[in-house]
Amino acid sequence: MRKAFEITLLASGVGLAALLLLVGAKFGQTAPPTAIMEAAVGQASVNSGERRAAPQSAGTHVTLPELVYFGAAWQMLSKHTGMPPISLGGGYTNARVERTGDGLFFAGTIDRVDSTGKVTDVILAFAGAQGIGDLIQGEALASGRVLAEPKWADVLFERIWRDPRYAHARIHVAGHSLGAGYALFVGMEAVAAHGREAVNSRLSITVFGVPNWGPQSARYFGVDPHALDRVVTGYTALNDPVITNGGTDRTGVSVFLPAFKGLTGFKSMFNAVAAHWPTTYMTSLGLPSWLSPQQKAAYVKTVGTLLISGNSVDPNSGPPGRLPIIVEGSAQDDSISGTAGDDVIAGRGGRDLLRVGAGHDRFLYLEALDSGPAPERADRILDFAPGDRIGLSRMDADSSSPGRQSFTLIPARPFTAPRQLAVWSDGKATWIAGNVDRDNAADFLIQLDGDHHLSAADFVLEPLATNSALARYIDGKAAVLKSHRPVRQNSMVARAAWPSPWLEPCRSRCPVRSNRAC
């Protein structure tokens, strides 16, 4: 009955059901947050309450599949009170869940210990929206107003930050959809309360299906909108409607997964919704290595069947780590890794460290400022290989002439005019330099590790036919970022994706722990 009702809504063009499903919602009002804490019985097998042995020793770092598991999957696997506990391993222990008054997952916290029992990492994961009440919370936050839930999220974060047990632990904040927005919110609060240097040294934020609420949260706390650029990495599928939710200015490093196209026929109308579903990240980015193949399959099935279509798995989304991705860095010094697919990497400003792995990858440079003109400020590409290319076709090679000019590869330095590109090797590294003005000095420099004999075939100097498809994702700060195209205002999804004109940004800060709206 419920599914038939939702399909009717979609078919009639109202779009409300799509919006609710987009954020993992249920019908009915969400109860206000309360301080209900539920201990998650760790070391349990999938769909079982049986205990297992204590967790094995942890590795060196928290991995991306582990952050997918806790930051995107956990909210669905423990959505309601009484659901089977999730399995733990890899040094993870002491899992606990904070629930709303009606028993739904709001946030989860879990510790990671080494072989001596010392806490090395703690993860705080926020859930996506659970009902219409959460949509109101999210719409308000996207418009600069802060209601009860993000303030509750901040209380949970500050509890961890100030806890002596975590004084020397790395804090990881994760979240999906609305929870990703809350992760950005508590990060901006941390900058305001503790300073950017302390945040950079203690905090990492990894989020999935990311709304663009960083600038709104920054304005609320009176900090730089890009104060979190060094600590945030966001993952979003290209056809996820949330990609422009809250505006077009993204925080940190943005990773774009291929568009979800796994549903066909009548169900293809749900592909955009499925793109946002946690299974998109579970299948494309992977689940922890300490889960068995049977556990991984069971969890993917459990989460996938919660979608209205009965399935949210794209058969083209695996195996993990092999999909081609588009990555756009921040203005800071980023460390960016690709996959085994044919990736497109735009490091943007700062001195970036780029590693892409297998595949035929493209390194995009959109303007001369994307890499510094001196060796100590130049981007460094660690594993450039045959088949990879340096993309310069979208950079204006002559700032003194109108329009966008292209580079010409010259046999040797020095430069004699703009639009010139030179390559040389010192035996240990290969250097690429370009001149875009009339002072005949290098305006940018790129370092490739190793001795490479580059030719024009290793560059993209003229626009490719495929660039038109990529243009909306690479010309600016993340996908569709410079378009600002009109959105149909009779669409419920459109109203959620863009700030409502009647909600003015909050002009004065409320106490962080106040229960009133700004």
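What is the handedness of the crossing of α3 and α11? This crossing is left-handed. Keep in mind that the model is predicted. Two spots get a look here: that helix pair, and strand β5 with its partners on either list below.

**Helices α3 and α11**

- Helix α3 covers residues 64-77 and helix α11 covers residues 293-304; their axes come within 9 Å and cross at roughly 60°.
- That angle is why α3 counts as oblique to α11.
- On the α3 side, Tyr69, Met76 and Leu77 make the contact, while α11 brings in Tyr299, Thr302 and Val303.
- Sort the residues of this contact by type and you get five nonpolar, one polar and no charged.

**Strand β5 and its surroundings**

- Strand β5 spans residues 170-176, and six of its seven residues are buried, so the rest of the structure largely encloses this strand.
- Here, buried means under 20% relative accessible area.

**Who β5 pairs with**

- β5 pairs with strand β4 (residues 119-126) in the parallel sense, over six bridges.
- To find your way around that pairing, look for leucine 124, whose bridge partner in β5 is valine 173.
- β5 is also joined to strand β6 (residues 203-208) by six bridges, and these two strands run parallel.
- For the β6 pairing, a handy marker is glycine 175, which stands opposite valine 207 in β6.

How values were computed
Residues numbered from 1 in each chain as written. Predicted model: local features only at pLDDT ≥ 70, side-chain atom pairs only at ≥ 80, totals over all residues. Heavy atoms only, no water. Axes fitted to C-alpha atoms, helices over the stretch in contact; angles between N-to-C directions. Helix = DSSP H or I, 4+ residues; strand = E, 2+ residues; numbered from the N terminus. Parallel < 35°, antiparallel > 145°, perpendicular 65-115°, else oblique. Left-handed = near helix turned anticlockwise from the far one by under 90°. Contact = heavy atoms within 4.5 Å. Nonpolar A, V, L, I, M, F, W, Y, C, P; charged D, E, K, R; others polar. Buried < 20%, exposed > 50% of the residue type's maximum accessible area, 1.4 Å probe, protein only. Pairing = 2+ DSSP bridges.
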